[in-house]
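Please read the sequence and turn the structure slowly before going on. The paragraphs that follow lead from single residues to the sheet, the helices around it and the core.

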Amino acid sequence: MFKKRSQQSVIDEWQRYQAQQAKACRNPILQRFYQMPLTDPEVPLSEVSFLALDFETTGLDPRYNEIVSFGLVPFTLRSIRPSDGYYQVVKPKCNLSEESIAFHRITHSQVATAPPLEKVLDELLERLSDCIVVVHYQHIERPFLDMACHKFWGEHCLFPLIDTMAIEARWERRGWKHQLKEALGLQPVSIRLDNSRQRYGLPTYSAHHAKVDAMATAELFLAQVARHYSPTTAIGQLWE
């Protein structure tokens, strides 16, 4: 959406976008979503309510693939609350491929009895509306949700979030060691979720269950804050 720019310009653009969408959106669900005040970018991380979000999808391209499940886990810097989280399988309009079933292990029979995404989309947006969303790899959750809103309602749904993969890239793929590896044609350090967690001594979880991955993302973010940032770091400095 935005070209590479300074963090202050990122903050300014998100604030302008939120204000613009609050006035322009015609769909009442999106209206409510955008009319919720955007978190003050100067608020310290210690005072922010976060929501880890993960989607399992039928593929990686939101233009051709669909969401098949989502998981949410609320947390703060002081605690992660999986019991207050949420998990939902949804029925895509397309057929599940054997490849996608093998990946996320959600079967034809599970989606057959699940609601379509449009039936639960308002509840999903309601849960996202008063938190800062945290994901691992921003090019899945935000574009898939945006595409779903555009398909169902003809309007966009974009919002600032924190990407633990981007944080990991910022710290692990910089400096002379990384440049030397690039010059030598060596593989860069992996910033996938489980590989990133291992660098902080976090346990390995079974992957590709949306709520488990959301939990794993929340834990990784807390570890990243403890190592690289401070509870007083302003939330806007981490917006993507």
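A residue is called buried when its relative accessible area is under 20%. The model shown here is a predicted one. Thr217 has a relative accessible area of 1%, and therefore it is buried. This residue belongs to helix α10, which spans residues 210-228. Leaving aside neighbours within four places in sequence, Thr217 is in contact with Val134, Val135, His136, Thr164 and Leu193. The chain also brings Thr217 and Pro74 to a C-alpha separation of 11 Å, although their positions lie 143 residues apart along the sequence.

The next element to consider is the sheet. Five strands form it, in the order β3-β2-β1-β4-β5; the sheet is open and its pairing is mixed. At the edges are β3 (86-89) and β5 (161-163), each of which pairs on one side only. From one strand to the next, the twist averages 20°. As a general rule, strands of a sheet pair through backbone hydrogen bonds, and the pairing may be parallel or antiparallel.

Both kinds of pairing can be followed from strand β1, residues 50-57. With strand β2 (residues 67-75), β1 runs antiparallel, and eight bridges join the two. Within this pair, Ala52 has Val73 of β2 as its bridge partner. With strand β4 (residues 132-135), β1 runs parallel, joined by three bridges. Here Leu51 has Val133 of β4 as its bridge partner. Further along, β4 and β5 also run parallel and are joined by three bridges. In that pair, the partner of Val135 is Asp163 in β5.

How are the residues of β1 placed, buried or exposed? Eight of the eight residues of β1 are buried, so the strand is mostly covered, given that buried means under 20% relative accessible area. In a regular strand, side chains alternate between the two faces of the sheet. In β1, Phe50, Ala52, Asp54 and Glu56 point one way, whereas Leu51, Leu53, Phe55 and Thr57 point the other way, and all of them are buried.

Helices lie against this sheet. Helix α10 lies across β1, β2, β3, β4 and β5, and runs at about 40° to β2. Helix α10 also packs with helix α7, at an angle of about 35° and with the axes 10 Å apart. The crossing of these two helices is left-handed. On the side of α7, the contact is made by Thr164, Ile167, Glu168 and Trp171, and on the side of α10 by Thr217, Leu220, Phe221, Gln224 and His228. By class, this contact has four nonpolar, four polar and one charged residues.

One residue of that contact, Glu168, deserves a separate look. Glu168 is found in helix α7, residues 164-172. Why does Glu168 count as buried? The reason is its relative accessibility, which is 0%. Beyond its neighbours within four places in sequence, Glu168 is in contact with Arg173, Ile191, Ser196, Arg199, Tyr200 and Gln224.

Another pair of helices can be compared with the one above. The axes of helix α1 (residues 7-24) and helix α2 (residues 28-35) come within 8 Å and cross at roughly 145°. The crossing of α1 and α2 is left-handed. Tyr17, Gln18, Gln21 and Ala22 of α1 meet Phe33, Tyr34 and Gln35 of α2. This contact has four nonpolar, three polar and no charged residues.

The last topic is the nonpolar core. Which residues have the most contacts inside the largest core? They are Phe50, Leu128 and Leu145, in a core of 55 residues. Helix α5 (residues 117-128) gives the most to this core, with six residues. Apart from this core lies another, of seven residues, among them Val68, Val89, Ile106 and Ala114. Phe50 touches residues that are more than four places away in sequence, including Val73, Phe75, Ile132, Val134, Ile162 and Phe221.

Helix α5 also holds Leu117. Leu117 has a relative accessibility of 8% and so counts as buried. Leu117 and Val89 are 28 residues apart in sequence, yet their C-alpha atoms are 8.7 Å apart in space. Without its neighbours within four places in sequence, the contacts of Leu117 are Ile67, Phe70, Val90, Lys91, Ala148 and Phe152.

Methods:
Residues numbered from 1 in each chain as written. Predicted model: local features only at pLDDT ≥ 70, side-chain atom pairs only at ≥ 80, totals over all residues. Heavy atoms only, no water. Core = buried A, V, L, I, M, F, W, Y, C linked by side-chain atoms within 4.5 Å. Buried < 20%, exposed > 50% of the residue type's maximum accessible area, 1.4 Å probe, protein only. Helix = DSSP H or I, 4+ residues; strand = E, 2+ residues; numbered from the N terminus. Contact = heavy atoms within 4.5 Å. Pairing = 2+ DSSP bridges. Axes fitted to C-alpha atoms, helices over the stretch in contact; angles between N-to-C directions. Left-handed = near helix turned anticlockwise from the far one by under 90°. Nonpolar A, V, L, I, M, F, W, Y, C, P; charged D, E, K, R; others polar.
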